[in-house]
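Grab a pencil and work through a few exercises on this structure. Each one sets a task and then walks through the solution.

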Amino acid sequence: MIINVIFCSVLFSFLYQISTFSTLSIRRLFKRSQCDLCQKVLPLYRLIPVVSYILQCGRTHCCKQPLHYSYFVGELTAVVIGICLYHFDVILDDTTFLLLVLVLLTLAINDLVTLSIPLHIIVIAVICGVVLAPFYLPQFFIITFVLHCFFLLFKDAIGYGDILVFSYLSLFVPAPHLLHIFMITFILAGIIGLLHWLIHRNVQAKLPLIPFIFLALVITSFNIIPF
Ligand SMILES: [Zn+2]
C-alpha cells in the first residue's frame with residue numbers, strides 16, 4: 001500500500017508540475033522542481049507530496065508565500081486513489097487505470113483552477129498510453145467523430161476540452177464502460193449544477209466538467225455502483 005501511495009502522489013505531482021509549463025521541451029521534463037513564485041530550485045526533501053505542504057503550513061519554504069490549494073487537493077486525492085487501489089479491484093488493468101486516473105486528476109485540477117486544460121498533457125498521455133496500455137483504435141475514431149459532430153451542433157452545451165477528454169478516454173476504455181462514465185458524469189454534473197443554480201440563481205455560471213469525468217471514471221472503475 002505504501003508503494004501505491006508514494007507512486008500515485010509522486011506521479012500526480014510530476015504531471016501537475018508539467019501541466020503548469022507554458023512550453024514543453026524534453027530538457028524541461030528532466031529539470032529539478034522550482035518554486036512557482038521565486039523560481040528557486042527546491043531540495044528533494046521539500047518535494048514529499050502532502051507531507052511537505054502540511055509541514056510548511058501551506059506556504060513555500062523559500063519565500064514564505066501561500067501555496068495554491070490545488071497542490072494539496074490533488075496530492076491528497078492521489079494518495080486516496082493509491083489506498084483504494086490496494087484495497088479494491090478495478091475493472092481496467094492497473095496500468096491503464098493508473099494512467100487514466102492520474103491524467104484526469106491533473107486535468108480536473110487544471111479545469112477547476114483555470115476552466116481550461118493543458119493540451120500537452122493529453123498529447124503526453126496518449127503517447128504513454130499507446131506504449132503502455134491496450135488501446136481501441138476503431139472505437140476511438142467512431143466515438144471521436146460522433147463527439148465532434150455533437151460539439152458542432154451544440155457548442156454551448158459542452159466545452160471543447162471536455163470533448164477532447166472523452167475522445168482520449170475512448171482510446172483506452174471499452175465502449176460499455178465508457179457509456180457508464182458518460183452517464184455518471186452527466187448525472188453528477190446535473191445534480192451539482194442544479195444545487196448551484198438553487199443556491200446562486202446564476203444561469204451564466206460555467207461548471208467545469210472534467211472533475212465529474214474524473215469522479216465518474218473512479219466510481220465506475222472501482223465498481224462501487226454495481227452496473
Ligand atoms: Zn519561493
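**Exercise 1: two helices side by side**

In this predicted model, S70, V73, G74, T77, A78 and I81 of helix α4 meet V101, L102, L105, I109 and V113 of helix α5. Work out what kinds of residues make up the contact, and how the two helices are oriented.

*Solution.*
- Step 1: Sort the residues by class. The contact of α4 with α5 has eight nonpolar, three polar and no charged residues.
- Step 2: Look at the axes. Those of α4 (residues 69–87) and α5 (residues 94–114) come within 11 Å and cross at roughly 155°.
- Step 3: Name the orientation. Angles over 145 degrees count as roughly antiparallel, so α4 is roughly antiparallel to α5.
- Step 4: Add the handedness. The crossing of α4 past α5 is right-handed.

**Exercise 2: checking a helix by its length**

Helix α10 covers residues 210–221. Check whether its span fits its residue count, then find out how covered it is and what covers it.

*Solution.*
- Step 1: Start with the expected span. With twelve residues at 1.5 Å a residue, α10 should span 16 Å.
- Step 2: Compare that with the model. The end C-alpha atoms of α10 lie 16 Å apart, which agrees.
- Step 3: Count buried residues, taking 20 or more other C-beta atoms within 10 Å as the cut-off. Ten of the twelve residues in α10 are buried, so the helix is mostly covered.
- Step 4: List some of them. The buried residues include I210, P211, F212, I213 and F214, and V218 and S221 are also among them.
- Step 5: Find the partners. The buried residues of α10 pack against α5, α8 (160–172) and α9 (175–200).

**Exercise 3: one of those partners up close**

Take the pair α9 and α10, and describe how they pack and which residues meet.

*Solution.*
- Step 1: Read off the geometry. The axes of α9 and α10 are 8 Å apart, and the helices pack at an angle of about 130°.
- Step 2: Classify the angle. That value makes α9 oblique to α10.
- Step 3: Give the handedness. Here α9 passes α10 in a right-handed crossing.
- Step 4: Name the residues. From α9 come H177, H180, I181, I184, T185, L188 and A189, and they meet F212, I213, L215, A216, L217, I219 and T220 in α10.
- Step 5: Sort them. The contact of α9 with α10 has ten nonpolar residues, four polar ones and no charged ones.

**Exercise 4: far in sequence, how far in space?**

T95 and A133 are 38 residues apart in sequence. Find their separation in space, and describe where T95 sits.

*Solution.*
- Step 1: Go from C-alpha to C-alpha. T95 and A133 are 6.6 Å apart.
- Step 2: Place T95. This residue is found in helix α5.
- Step 3: Look for contacts. Leaving aside neighbours within four places in sequence, T95 is in contact with L132 and A133.
- Step 4: Judge exposure. T95 has 14 other C-beta atoms within 10 Å, so it is partly exposed.

**Exercise 5: backbone oddities**

Most residues other than glycine have a negative phi. Describe the setting of K64 and L115, which have a positive phi although neither is a glycine.

*Solution.*
- Step 1: Take K64, with a phi of about 60°. K64 lies in the loop between α3 (51–55) and α4.
- Step 2: Check its surroundings. K64 is exposed, with 11 other C-beta atoms within 10 Å.
- Step 3: Turn to L115, with a phi of about 55°. L115 lies in the loop between α5 and α6 (119–132).
- Step 4: Check again. L115 is partly exposed, with 13 other C-beta atoms within 10 Å.

Notes:
Residues are numbered from 1 along each chain as its sequence is written. This is a predicted model: local features need pLDDT of at least 70, side-chain atom pairs count only at pLDDT 80 or more; totals for chains, interfaces and linings use all residues. Axes are lines fitted to C-alpha atoms, for helices over the stretch in contact, and angles run from 0 to 180 degrees between N-to-C directions. Helices (H or I, at least four residues) and strands (E, at least two) are DSSP runs, numbered from the N terminus. Angles under 35 degrees count as roughly parallel, over 145 as roughly antiparallel, 65 to 115 as roughly perpendicular and the rest as oblique. A crossing is left-handed if the near helix is turned anticlockwise from the far one by less than a right angle, and right-handed if clockwise. Two residues are in contact if their C-beta atoms, placed from the backbone, lie within 7 Å. Ala, Val, Leu, Ile, Met, Phe, Trp, Tyr, Cys and Pro count as nonpolar, Asp, Glu, Lys and Arg as charged, and the others, Gly among them, as polar. The expected span of a helix is 1.5 Å times one less than its number of residues.
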